[in-house]
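Work through these exercises with the structure open. Try each task before reading its solution.

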Amino acid sequence: LSAVGTSNGVNTLRWNGNNRSGSVVYEIWRLKGDTEPYKIIATTKKQTFVDTPVTPGEYYNYKVCAVSARARSNFSNIAVVYGSI
């Protein structure tokens with residue numbers, strides 16, 4: 001999982017899966033700042049996601065897991081978009 005933030009309020013996530021395209025649903029989990037817990041913000045069958053609008057300069061953590069009819073995967077690595085200091 002990788003995440004890139006831009007100054008116009010858009011964070012773009014990309015990841016690689018080992019499943020046939022469209023065969024699983026990916027849950028995107030996000031932690032905003034340092035006071036909120038992780039929450040599911042979206043699901044998609046694609047291996048990319050655009051999180052918008054986000055607050056430029058805010059700190060965001062993301063993780064993804066795959067869900068099929070049979071099972072749920074472990075979470076991916078955590079990707080971070082750092083806020084300004």
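**Exercise 1. Charges**

How far apart are the mean positions of the 10 positive and 5 negative charges of the chain?

Solution. Note that this is a predicted model. Take the mean position of the 10 positive charges, then that of the 5 negative charges. The two means lie 14 Å apart.

**Exercise 2. The overall fold**

Find how many helices and strands the chain has, and judge its compactness.

Solution.
- Step 1. Count the elements: there are seven strands and zero helices.
- Step 2. Read along the sequence: the pattern is β-β-β-β-β-β-β.
- Step 3. Compare radii. The chain has a radius of gyration of 13 Å, and the globule rule gives 12 Å for 85 residues. These values are close, so the chain is as compact as a globular protein of that length.
- Step 4. Add the spans. Along its principal axes the C-alpha trace covers about 40 × 25 × 20 Å.

**Exercise 3. Burial, surface and contacts**

What share of the 85 residues counts as buried? What share of the accessible surface belongs to carbon and sulfur atoms?

Solution.
- Step 1. Buried residues make up 32% of the 85.
- Step 2. The accessible surface is about 5,500 Å², and carbon and sulfur atoms hold 50% of that.
- Step 3. Now turn to contacts between residues at least 6 apart in sequence. Of these, 51% join residues at least 24 apart.

**Exercise 4. Asparagine 11**

Is asparagine 11 buried or exposed? Which side chain does its own side chain meet in a polar contact?

Solution.
- Step 1. Place the residue: asparagine 11 is in strand β2.
- Step 2. Check its relative accessible area, which is 3%. The cut-off for buried is under 20%. Asparagine 11 is therefore buried.
- Step 3. Look for the polar partner. The side chain of tyrosine 62 makes a polar contact with that of asparagine 11, at 2.9 Å.
- Step 4. Leave aside neighbours within four places in sequence. The contacts of asparagine 11 then include Val4, Phe49, Val54, Tyr60 and Val81.

**Exercise 5. Asparagine 61**

Which side chain makes a polar contact with the side chain of asparagine 61?

Solution.
- Step 1. Go to strand β6, residues 60–67, where asparagine 61 sits.
- Step 2. Asparagine 61 has a relative accessible area of 10%, so it is buried.
- Step 3. Its side chain makes a polar contact with the side chain of tyrosine 38, at 3.5 Å.
- Step 4. Residues up to four places away in sequence are not counted here. Among those that asparagine 61 touches are Trp29, Arg30, Leu31 and Ile78.

**Exercise 6. Threonine 44 and valine 24**

Trace the link between threonine 44 and valine 24.

Solution.
- Step 1. Threonine 44 is in strand β4. Valine 24 is in the loop between β2 (10–14) and β3.
- Step 2. Relative accessible areas are 15% for threonine 44 and 7% for valine 24. Threonine 44 is buried, and valine 24 is buried too.
- Step 3. Threonine 44 is in contact with Val24, and also with Trp15, Val25, Tyr26 and Ile28, leaving aside neighbours within four places in sequence.
- Step 4. On the same terms, the contacts of valine 24 include Thr44, Lys45 and Ala66.
- Step 5. Check the side chain of threonine 44. One of its polar atoms lies 3.1 Å from the backbone nitrogen of lysine 46.

**Exercise 7. Glycine 33 and glutamate 58**

Where in the chain are glycine 33 and glutamate 58?

Solution.
- Step 1. Glycine 33 is in the loop between β3 (25–32) and β4 (39–44). Glutamate 58 is in the loop between β5 and β6.
- Step 2. Glycine 33 is buried, at 10% relative accessible area. Glutamate 58 is partly exposed, at 28%.
- Step 3. Leave aside neighbours within four places in sequence. Glycine 33 is then in contact with Glu58 and Tyr59.

**Exercise 8. A peptide bond**

Which form does the peptide bond from threonine 52 to proline 53 take, cis or trans?

Solution.
- Step 1. Find proline 53 in the loop between β5 (48–51) and β6.
- Step 2. Read omega for the bond from threonine 52: it is near -10°, and the bond is cis.
- Step 3. Set this against the general picture. Most peptide bonds are trans.

Definitions and conventions: Residues are numbered from 1 along each chain as its sequence is written. This is a predicted model: local features need pLDDT of at least 70, side-chain atom pairs count only at pLDDT 80 or more; totals for chains, interfaces and linings use all residues. Side-chain values use heavy atoms; hydrogens and water are left out. Helices (H or I, at least four residues) and strands (E, at least two) are DSSP runs, numbered from the N terminus. Buried means under 20% relative accessible area, exposed over 50%, partly exposed in between (1.4 Å probe, protein chains only). A polar contact is a pair of N or O atoms within 3.5 Å; within protein, one must be able to donate a hydrogen and the other to accept it, and residues adjacent in sequence count only if both atoms are side-chain atoms. Contact means heavy atoms within 4.5 Å. The radius of gyration is taken over C-alpha atoms; the globule rule is 2.2 Å times the number of residues to the power 0.38. Accessible areas come from the Shrake-Rupley method with a 1.4 Å probe; for residues, only the protein chains shown count as cover. Lys and Arg count as positive and Asp and Glu as negative; His and the chain ends are not counted. The place of a charge is taken as NZ of Lys, CZ of Arg, CG of Asp or CD of Glu.
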